[in-house]
Amino acid sequence: MNRDRGTIKWTAMMLPEHVQLLREWQGEDRFVEKPQLDEAQLEQMNVHLQRSYKERCMIQLKVWEQTSIYNVSGIIQKMNPYDQSIQLENGQKFSLDMICETSIEGE
């Protein structure tokens, strides 16, 4: 009678370096490229940013950073036209290049 170890004999074939590379490779699959915005989207973002700043209303931002997009909401405290950035009341500061979508809460 031949007794086989089944899949146990194949699990030892993975070196720790291979496992690490596979995990990095899977992580790269979740990378998100920066969206390209057209003129209409940029104009709509400008309207939302100006309105939120002047009326001090809550704004939701979709921010692209390095490899992912995340949501942020807050009230704009400061807009700096020289370095093209905005600062929220909670202290977070974002470059306008990083923002890929805006919306006013309640609209």
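**Strand pairing and core packing in the predicted model**

Lys 62 stands opposite Glu 101 in strand S6, and this pair is a handy place to start a tour of the fold. The model is a predicted one, in which local features need pLDDT of at least 70, side-chain atom pairs count only at pLDDT 80 or more, and totals for chains, interfaces and linings use all residues. Residues are numbered from 1 along each chain as its sequence is written, and side-chain values use heavy atoms, with hydrogens and water left out.

The chain contains three helices and six strands, arranged along the sequence as α-α-α-β-β-β-β-β-β. Helices (H or I, at least four residues) and strands (E, at least two) are DSSP runs, numbered from the N terminus. Of the 107 residues, 18% count as buried, where buried means under 20% relative accessible area, exposed over 50% and partly exposed in between (1.4 Å probe, protein chains only). The accessible surface comes to about 8,500 Å², with 50% of it belonging to carbon and sulfur atoms; these areas come from the Shrake-Rupley method with a 1.4 Å probe, and for residues only the protein chains shown count as cover. Among contacts with a separation of 6 or more, 50% join residues 24 or more positions apart, a contact being heavy atoms within 4.5 Å.

Strand S1 (59-65) takes part in two of the pairings described here. Two strands pair if DSSP finds at least two bridges between them. S1 and strand S2 (residues 68-74) run antiparallel and share seven bridges, with Ile 59 partnered by Gly 74 in S2. The two strands form a hairpin with two residues between them, and Gln 66 in the turn has a positive phi of about 60°. S1 also pairs with S6 in the antiparallel sense, over five bridges. A further hairpin joins S3 and S4, with four residues between them and a positive phi of about 55° at Gln 84 in the turn. These two strands pair in the antiparallel sense over four bridges, and Asn 80 has Ser 85 in S4 as its bridge partner.

The turn residue Gln 66 also comes into view from the helical part of the chain. Its C-alpha atom is 8.4 Å from that of Phe 31, although the two residues are 35 apart along the chain. Phe 31 lies in the loop between helix H2 (16-28) and H3. With a relative accessible area of 48%, Phe 31 is partly exposed.

Helix H3 (39-55) can be checked against its expected span, taken as 1.5 Å times one less than its number of residues. For its 17 residues the expected value is 24 Å, and the end C-alpha atoms are 24 Å apart, which agrees. The buried residues of H3 are Met 45, His 48, Leu 49 and Ser 52. Seen down the helix axis, these residues fall within an arc of 95°, so they line one face of the helix; the arc is that of the directions from the helix axis to the C-beta atoms. On the other side of H3, Glu 39, Ala 40, Lys 54 and Glu 55 are exposed. The buried residues pack against S1, strand S3 (76-80), S4 and S6. Just after the helix, Arg 56 takes a positive phi of about 55°.

Ser 52 is one of the buried residues of H3, with a relative accessibility of 0%. Its contacts, not counting residues up to four places away in sequence, are Cys 57, Ile 59, Ile 76 and Ile 104. Ile 104 lies in strand S6 and, at 5% relative accessibility, counts as buried. With the same sequence neighbours left out, Ile 104 touches His 48, Arg 51, Ser 52, Cys 57, Met 58 and Ile 59. Ile 104 and Met 58 are 46 residues apart in sequence, yet their C-alpha atoms are 6.2 Å apart.

In soluble globular proteins, nonpolar side chains tend to be buried together. A nonpolar core is here a set of buried Ala, Val, Leu, Ile, Met, Phe, Trp, Tyr and Cys residues joined through side-chain atoms within 4.5 Å. The largest has 13 residues, and those with the most contacts inside it are Leu 49, Ile 59, Leu 61, Ile 76, Ile 86, Phe 94 and Ile 99. Helix H3, S1, strand S4 (85-88) and strand S6 (99-104) each give two or more residues to this core, with S1 giving the most, at three.
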